[in-house]
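Thanks for asking me to look this one over. My comments follow as numbered points, to be read with the structure open beside them.

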Amino acid sequence: MRHKLFLCLLLLWPAALSAQRSSELVYHDAKAFRIMGRSVVEPAMEHTDSMAYSRLPWSPKATFRDELWYLGRNSAGIAVRFRSDSKAIGVKWTVLNNFAMNHMAATGVRGVDLYVLQGSEWRYAGSGIPGSGKENERILISGMDGEEKEFMLNLPLYDGVVKLEVGIDPAAHISAPLSPLPLAEKPIVCYGTSITQGGCATRPGMAYPAIMGRHLQREVINLGFSGNGRMDRSIGNVMTQIDAGAYLIDCLGNCTQEMIEELGYDFILSLLLARPDVPLYMVAFTLTPAMSFSAEAHKTITKKNQTWRDIYEDLIDQGYQNLFFVAADELTGFDSEATVDGVHLTDLGFLRMAGVLVYVLTSK
């Protein structure tokens with residue numbers, strides 16, 4: 001009995017110690033640092049907690065479907081960059097909905113994770129595991145050497161953030177990151193479905209747009225909308241307002257054949273006309289394990305991809321040169337081991353997909 005009691009106390013001790021240290025940190029409002037991943041930044045977003053970490057701007061709210069506005073409040077792809085010499089980094093964050101899903105880890109849905117810049121590479125440093133309520137407080141990393149470092153804090157994929165504070169040692173300092181390194185180039189805008197949004201990464205930094213951003217040392221704006229990547233004109237309008245370095249369109253998973261035929265050409269053309277100098281990548285839809293044994297599903301996806309490619313070839317024939325087609329054959333590998341449920345990706349799937357897309361983006 002004594003041994004069991006000792007073991008329980010031993011297991012609880014690190015959590016108690018972390019809580020004590022967390023309370024000793026000095027917390028700073030994250031809005032004072034560099035917020036990355038927002039589509040169009042409006043003045044209200046700079047000062048209002050409820051909008052600071054939103055992916056969509058407030059002013060065109062009436063043009064969005066309710067589902068898009070709700071999902072746009074999810075902070076997928078939003079990250080905060082800062083610089084500090086603190087030996088420990090803590091975080092306090094309050095989520096909007098306290099959302100949960102059965103097939104996705106809470107650390108990915110409503111948790112945070114931290115990266116440290118070492119040389120020219122971002123290295124994972126720790127995760128903020130969410131609790132049972134909306135308000136959370138965690139130590140992400142401790143015991144560092146006290147040298148000044150650049151940090152990147154990735155925010156929840158399937159919940160929103162209404163308040164965010166970064167904690168440091170009382171004697172340490174914290175400031176905005178150095179500029180422009182590593183964000184000298186214009187951002188990549190990824191538009192798509194639940195997979196683009198990050199379902200079902202175990203933590204925010206493992207969604208494929210985040211992985212791409214780290215490898216390419218560029219800001220990536222995540223405009224993935226779970227179940228709602230349907231080429232809405234309202235989202236296209238937002239995308240054309242972004243001073244983008246590239247567009248990556250990966251939305252076929254949410255589109256019916258009719259949607260692709262009726263909306264696809266105009267959606268792509270509007271982006272090409274608005275931003276003719278911006279490379280645009282049309283990504284085909286991969287045959288997922290859940291669909292690979294269904295002849296009907298195979299036929300449906302093949303037809304979607306062919307219609308998508310027909311749109312691409314039509315525009316190329318018209319003289320649009322800054323347009324590229326990405327076949328889906330190799331996006332997640334060939335072993336059917338890249339998903340959690342036959343459709344949504346695991347971290348393995350996201351790593352594979354990001355690797356292919358990074359290669360495509362850097363080889364054109």
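1. The largest nonpolar core of this predicted model has 82 residues, and those touching the most other members are Tyr191, Tyr208, Met212, Met239, Ile249, Ile268 and Trp308. Helix H12 (residues 347-363) is the element that gives the most to this core, with 7 residues. A second core, separate from that one, has 27 residues, including Ile141, Leu153, Val166 and Ile174. As general background, nonpolar side chains tend to be buried together in soluble globular proteins.

2. Trp308 is a good residue to centre the view on. Leaving out residues up to four places away in sequence, tryptophan 308 touches Met231, Ile249, Cys251, Leu252, Ile260, Gly264, Ile268, Met282, Val283, Ala284 and Phe325. Trp308 is also among the buried residues of H11, a list that further holds Ala297, Ile301, Lys304, Asn305, Thr307, Ile311, Tyr312 and Leu315. You will notice that Lys304 and Asn305 are on that buried list too. What do the buried residues of H11 pack against? Their partners are strand S13 (246-250), helix H9 (257-274), strand S14 (280-283), helix H10 (289-292) and strand S15 (323-326).

3. The length of H11 (residues 295-317) checks out: at 1.5 Å a residue, its 23 residues should span 33 Å, and the end C-alpha atoms are 32 Å apart, which agrees. After the helix comes glycine 319, with a positive phi near 105°.

4. Next, the parallel sheet. Its 5 strands form an open sheet in the order S12-S11-S13-S14-S15, and the pairing is parallel. Strand S12 (220-224) and S15 are the edge strands, each pairing on one side only. On average, neighbouring strands here are turned by 15° against each other, direction ignored. Strand S11 (residues 188-192) joins S12 in the parallel sense over 5 bridges, and cysteine 190 has asparagine 222 in S12 as its bridge partner.

5. Two helices are worth viewing against this sheet. H7 lies across S11, S12 and S13 and runs at about 165° to S11. H12 lies across S11, S13, S14 and S15, running at about 140° to S13. Helix H7 (residues 208-216) is mostly covered, with 7 of its 9 residues buried: Tyr208, Pro209, Ile211, Met212, Gly213, Arg214 and Leu216. Tyr208 and Met212 also appear in the list of core residues that touch the most other members. Glutamine 217 follows H7 and has a positive phi, near 55°.

6. The other sheet to look at is antiparallel. It is an open sheet of 4 strands, ordered S1-S9-S4-S7. Its edges are strand S1 (26-29) and strand S7 (135-141), each of which pairs on one side only. From one strand to the next the twist averages 25°.

7. How is S9 placed within the fold, enclosed or open? Of its 8 residues, 6 are buried, so S9 is largely enclosed by the rest of the structure. S9 (residues 161-168) pairs with S1 in the antiparallel sense over 4 bridges; aspartate 29 stands opposite glutamate 165, and histidine 28 opposite valine 166. Val166 is also one of the residues of the second core. Strand S4 (residues 89-95) runs antiparallel to S9 and is joined to S9 by 6 bridges, with threonine 94 and lysine 163 as bridge partners.

8. Two individual residues deserve a look. Glutamine 197, in helix H6 (residues 194-197), is buried with a relative accessible area of 0%. Setting aside residues up to four places away in sequence, glutamine 197 touches Arg55, Leu71, Asn74, Ala76, Leu157, Tyr158, Asn222, Gly224, Phe225 and Ser226. Glycine 111, in the loop between helix H5 (106-109) and strand S5 (112-118), is likewise buried, with a relative accessible area of 0%. Among the contacts of glycine 111 beyond four places in sequence are Trp93, Gly128, Asn154 and Pro204.

9. Finally, confidence. The mean pLDDT of the chain is 92, and 94% of the residues reach 70 or more. Over residues 4-20, pLDDT stays under 50, and the model has 1 contact beyond four places in sequence for this stretch. Where pLDDT is low, the predicted coordinates should not be read in detail.

Terms used
Residues are numbered from 1 along each chain as its sequence is written. This is a predicted model: local features need pLDDT of at least 70, side-chain atom pairs count only at pLDDT 80 or more; totals for chains, interfaces and linings use all residues. Side-chain values use heavy atoms; hydrogens and water are left out. pLDDT is the predictor's confidence in each residue, from 0 to 100. Contact means heavy atoms within 4.5 Å. Two strands pair if DSSP finds at least two bridges between them. Axes are lines fitted to C-alpha atoms, for helices over the stretch in contact, and angles run from 0 to 180 degrees between N-to-C directions. A nonpolar core is a set of buried Ala, Val, Leu, Ile, Met, Phe, Trp, Tyr and Cys residues joined through side-chain atoms within 4.5 Å. Buried means under 20% relative accessible area, exposed over 50%, partly exposed in between (1.4 Å probe, protein chains only). The expected span of a helix is 1.5 Å times one less than its number of residues.
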